[in-house]
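I open the notebook on a structure that is new to me. I will write down what I look up, entry by entry.

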Amino acid sequence: SDICFKYFGDLVPVWFTFDEPYWETLDTFVHPYEANTKPYKIAHNLILAHSEAVYIYRQNYTKLYHGKIGINLWTNMGWPDEDNNTKDVEAAERYMQFVVGWFANPIFKGEYPEVMRKRVGNRLPYFTEEQKKKVIGSIDFFTMNHYSTSLISEGNSTKQETYDDDLNITEEEDDDWNKTDMD
């Protein structure tokens with residue numbers, strides 16, 4: 001990142017360290033014996049890399065170029081399939097925490113969402129106090145891509161072998177919703 005900031009800082013006023021890092025964690029090949037830890041390790045290291053890039057920019061280039069730096073997250077909105085079903089409401093909230101909170105919570109609070117810590121346990125890495133100092137507040141602005149909305153209901157997984165098992169939701173779209181030409 002330092003090389004980019006140095007040579008392009010006068011041309012680029014707005015920087016994103018990562019664009020939709022969620023997909024980098026889940027679209028990476030994961031061998032079955034690593035499926036319950038690797039996505040969490042990848043995300044953790046992406047957050048640390050993000051915070052380090054922001055630290056470098058703020059220390060060396062903000063005053064020089066007066067730019068801003070952030071991260072661009074992704075989500076589809078998750079609505080409970082049945083509003084009056086407590087399990088669906090909890091599943092929809094869990095979905096949002098596992099997708100957006102996974103990256104946003106550390107940046108704003110220094111910790112992963114409580115629901116992730118509870119469900120994933122020690123397979124979810126921890127931030128050291130020194131890392132937290134760099135991670136918390138490591139954005140000048142917050143952006144998020146939102147493409148669609150999904151109906152979320154409680155899943156039926158009883159395992160903890162993958163990210164999907166930990167999330168444990170069923171996701172679908174309502175066929176009655178209007179679609180764009182892109183769909």
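**Entry: G67**

I start with G67, in a predicted model. Is G67 buried or exposed? I find a relative accessibility of 3%. That is under the 20% limit, so G67 counts as buried. I place G67 in the loop between α4 and β2, the strand of residues 68-80. Next I list its contacts, leaving out neighbours within four places in sequence. They are P13, Y57, T62 and D140. For Y57 I also note the C-alpha distance to G67, which is 8.9 Å. The two residues are ten apart in sequence.

**Entry: Y65**

I move to Y65, which I find in helix α4, residues 62-65. Its relative accessibility is 23%. Buried would need a value under 20% and exposed one over 50%, so Y65 counts as partly exposed. Which residues does Y65 touch, not counting those up to four places away in sequence? I get F5, K6, G9, D10 and Y57. Y57 was also on the contact list of G67. I check P13 as well. P13 and Y65 are 52 residues apart in sequence, yet their C-alpha atoms lie 7.3 Å apart in space.

**Entry: the whole chain**

I step back to the chain. How many helices and strands does the chain have? I count eight helices and four strands. Along the sequence they run α-β-α-α-α-β-α-α-α-β-α-β. The C-alpha atoms fill a box of roughly 55 × 40 × 30 Å along the principal axes. The chain has 183 residues, and 43% of them count as buried.

I look at contacts with a separation of 6 or more. Residues 24 or more positions apart account for 70% of these. I turn to the surface next. The chain exposes about 10900 Å², and carbon and sulfur atoms supply 51% of that area. For charges I note 18 positive and 32 negative ones. Their mean positions are 12 Å apart.

**Entry: H44**

I pick H44, in helix α3, residues 38-60. H44 has a relative accessible area of 7%, which is under 20%, so H44 is buried. What does the side chain of H44 make a polar contact with? I find the side chain of Y112, at 2.6 Å. Y112 is also on the contact list of H44, which leaves aside neighbours within four places in sequence. The rest of that list is P125, Y126, F127 and Q131.

**Entry: aromatic rings**

I search the whole structure for aromatic pairs and get 19. One pair I write out is Y22 with W23, at 5.0 Å centre to centre. The planes of Y22 and W23 meet at 90°, and the pair is edge-to-face. Are Y22 and W23 buried or partly exposed? Y22 is at 8% relative accessibility and counts as buried. W23 is at 30% and is partly exposed.

Both rings belong to one aromatic cluster. Its other members are Y40, W74, F98, W102, F103 and Y163.

**Entry: Y163**

I follow the cluster to Y163, in helix α8. Y163 has a relative accessibility of 3%, so Y163 counts as buried. Leaving aside neighbours within four places in sequence, Y163 is in contact with Y22, L26, A35, Y40, F98, V99 and W102. Among these, Y22, Y40, F98 and W102 are members of the aromatic cluster. I compare the position of Y163 with my starting point, G67. Their C-alpha atoms are separated by 36 Å, and they are 96 residues apart along the chain.

**Entry: positive phi**

Last, I look up two backbone angles. N168 has a positive phi of about 55°, although it is not a glycine. I place N168 in the loop between α8, residues 163-167, and β4, residues 169-172. N168 is at 7% relative accessibility and counts as buried.

E20 also has a positive phi of about 55° and is not a glycine. Where is E20? I find E20 in the loop between β1, residues 14-19, and α2, residues 21-26. Its relative accessibility is 13%, under the 20% limit, so E20 counts as buried.

Methods: Residues are numbered from 1 along each chain as its sequence is written. This is a predicted model: local features need pLDDT of at least 70, side-chain atom pairs count only at pLDDT 80 or more; totals for chains, interfaces and linings use all residues. Side-chain values use heavy atoms; hydrogens and water are left out. Buried means under 20% relative accessible area, exposed over 50%, partly exposed in between (1.4 Å probe, protein chains only). A polar contact is a pair of N or O atoms within 3.5 Å; within protein, one must be able to donate a hydrogen and the other to accept it, and residues adjacent in sequence count only if both atoms are side-chain atoms. Contact means heavy atoms within 4.5 Å. Accessible areas come from the Shrake-Rupley method with a 1.4 Å probe; for residues, only the protein chains shown count as cover. Lys and Arg count as positive and Asp and Glu as negative; His and the chain ends are not counted. The place of a charge is taken as NZ of Lys, CZ of Arg, CG of Asp or CD of Glu. Rings of Phe, Tyr and Trp (its six-membered ring) pair if their centres lie within 6.5 Å; planes under 30 degrees apart count as stacked, over 60 as edge-to-face and the rest as tilted.
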